[in-house]
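Biologist: Please take a close look with me at one part of this predicted model, and begin with the whole chain, so that I can see the setting before the detail. I am a first-year student, so please go slowly and explain each step of reasoning.

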Amino acid sequence: MNTQSAPTFSYKKIAAIGSGFFALTMIWTFYNAYMPLILGNFIESRAIRGAIMGLDNLLAVLLIPLIGSWSDRLQSPLGNRLPFIIVGMPVAAIFFILIPYSATVTLWLLLIIDIIFLLAMTIYRAPVIALMPDHTHPSKRSTANGVINLMGGIGAIIALFVLSNLFVINRAFPFIVAGIFLILSFILLYYIVDRKPAYSNRSNDSLEETQASLSFTHSLLKLKEKQYRGQLLILIAIFLYFIGYSGMEAQFTVYAVEYLQLDENVAGMTLGFFSLSFVLFAIPAGILGSKLGKAPTMFIGLIALPLLFILIPLLPLFVSDNSSHSLILILQAVLFLSGIAWAFINVQAYPLVADLGGVHRIGFFTGLYYLFSMASSIIAPGLLGLFMDLIGHSSLFYCAAFTFIIAFYFLRKGHIIISSQHDNQPMANTDLQG
């Protein structure tokens with residue numbers, strides 16, 4: 001198949017594929033915002049609650065890269081991604097609905113249901129994300145990822161503005177609604193996903209098959225080699241800034257409810273302004289990335305976001321009553337601006353990593369992206385929660401800002417190395433080859 005011809009691009013098709021990311025993001029956003037509050041019924045310490053949230057992601061870190069690589073190689077009548085989606089999405093929907101009911105029984109039952117839910121999410125996450133580059137020419141992936149992130153952002157808005165209010169009425173309602181959305185998304189994907197996408201590696205060439213069949217572990221170890229130093233530094237940068245993002249997302253409602261004394265639904269809706277601006281600026285950020293470049297666009301966000309995070313703990317100093325309407329409005333405005341900066345970063349990140357793999361290793365590099373980003377989720381909630389326990393609630397934003405500053409350095413270093421390699425050997429960074 002000739003993938004070098006003029007690329008075709010359909011916003012409608014990409015939006016339909018994005019329905020999977022819509023449901024995924026809606027569920028994760030609500031889960032990350034409110035699971036710490038549910039755990040608070042059993043556990044007082046913010047560090048322990050954060051550690052449990054982190055341990056929840058251990059299964060994902062271990063399995064998502066393997067499943068992503070497996071989905072590169074799988075050949076079936078349904079294609080290479082859809083079998084994982086068929087298994088993962090319905091099971092995840094069922095066990096997500098069961099979470100609030102298990103929380104009324106014992107902590108152990110809650111954790112068991114939670115682990116099964118997370119395992120199901122892990123099964124389909126990398127394959128559903130890899131659908132976008134499978135159906136999109138590399139030159140259009142920033143724009144396509146803007147659409148995908150728009151869909152995900154809409155999911156986050158529904159989670160924080162709609163499901164948050166349902167949570168106050170009845171804690172089971174938002175889980176039921178989100179589970180239904182996940183099932184509907186699964187049905188849509190089943191019918192619209194191409195069984196043989198144009199930009200997924202379907203070649204029978206023996207060398208390509210050998211490359212595609214490299215074990216994930218063997219390929220991962222090759223990142224330590226000098227010629228792949230740039231790729232490794234970019235992945236480290238993603239790991240670092242996701243510590244700040246994941247920690248802030250998981251602990252914000254704790255900060256808002258316990259420190260600012262906001263109601264649970266107000267805390268969730270306030271965080272929703274971060275997601276709202278992300279939605280509004282996802283497509284513009286993708287277009288900007290296509291024109292300015294993925295890494296340069298990320299640099300803008302990595303400078304702006306820590307400055308905004310540092311400002312948040314200072315806001316109560318300008319308002320005498322921390323629960324006042326004025327403080328809430330100012331906090332929502334700062335979070336809105338922060339969401340714009342996050343769009344500049346996050347919309348570009350996955351296409352940047354996917355490009356490192358070429359057409360043969362999209363699933364593998366999708367797995368790497370989630371390995372490094374979700375590894376952050378293991379330590380971030382507990383680490384930032386520990387600082388909140390030891391230093392105070394405001395340390396949440398100072399620590400998050402620090403991770404973005406360090407990530408800027410690593411991303412810039414990796415970008416320089418890869419650009420230099422590309423100038424000397426244009427194909428050097430296409431694949432991790434044995």
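**Helix α5 and its two partners**

Modeller: In this predicted model, 59% of the 434 residues of the protein chain count as buried. The chain is built with 15 helices and zero strands, and among its contacts with a separation of 6 or more, 85% are made by residues 24 or more positions apart. Towards the outside, the protein chain exposes about 16,800 Å², of which carbon and sulfur atoms supply 68%.

With that setting in mind, the part to look at is helix α5, which covers residues 107-134, and we can take its two partners in turn.

One partner is helix α4, made of residues 82-102, whose axis lies 8 Å from that of α5, with an angle of about 150° between them. Angles over 145 degrees count as roughly antiparallel, and α4 and α5 are therefore described in that way, as roughly antiparallel to each other. The crossing of α4 past α5 is left-handed, and the residues that form this contact comprise 22 nonpolar, two polar and one charged.

The other partner is helix α1, residues 11-39, whose axis and that of α5 come within 11 Å and cross at roughly 155°. The cut-off of 145 degrees applies here as well, and α1 and α5 are therefore roughly antiparallel to each other. Here too the crossing is left-handed, with α1 passing α5. On the α1 side, the residues that meet α5 include F21, L24, W28 and Y31, while on the α5 side those that meet α1 include F117, M121, Y124 and V128. The contact also takes in G20 of α1, together with D114 and R125 of α5. Sorted by class, the contact of α1 with α5 has 19 nonpolar residues, one polar and two charged. In that sorting, Gly counts as polar, whereas Asp and Arg count as charged, so G20 belongs to the polar class and D114 and R125 to the charged class.

For a contrast with these helices, turn to a loop. Q261 sits in the loop between α10 (229-259) and α11 (264-292), and it has a positive phi of about 60° although it is not a glycine. Its relative accessibility is 54%, which is why Q261 counts as exposed, the cut-off for that word being over 50%.

Key:
Residues numbered from 1 in each chain as written. Predicted model: local features only at pLDDT ≥ 70, side-chain atom pairs only at ≥ 80, totals over all residues. Heavy atoms only, no water. Axes fitted to C-alpha atoms, helices over the stretch in contact; angles between N-to-C directions. Helix = DSSP H or I, 4+ residues; strand = E, 2+ residues; numbered from the N terminus. Parallel < 35°, antiparallel > 145°, perpendicular 65-115°, else oblique. Left-handed = near helix turned anticlockwise from the far one by under 90°. Buried < 20%, exposed > 50% of the residue type's maximum accessible area, 1.4 Å probe, protein only. Contact = heavy atoms within 4.5 Å. Areas by Shrake-Rupley, 256 points an atom, 1.4 Å probe, with all protein chains shown as cover.
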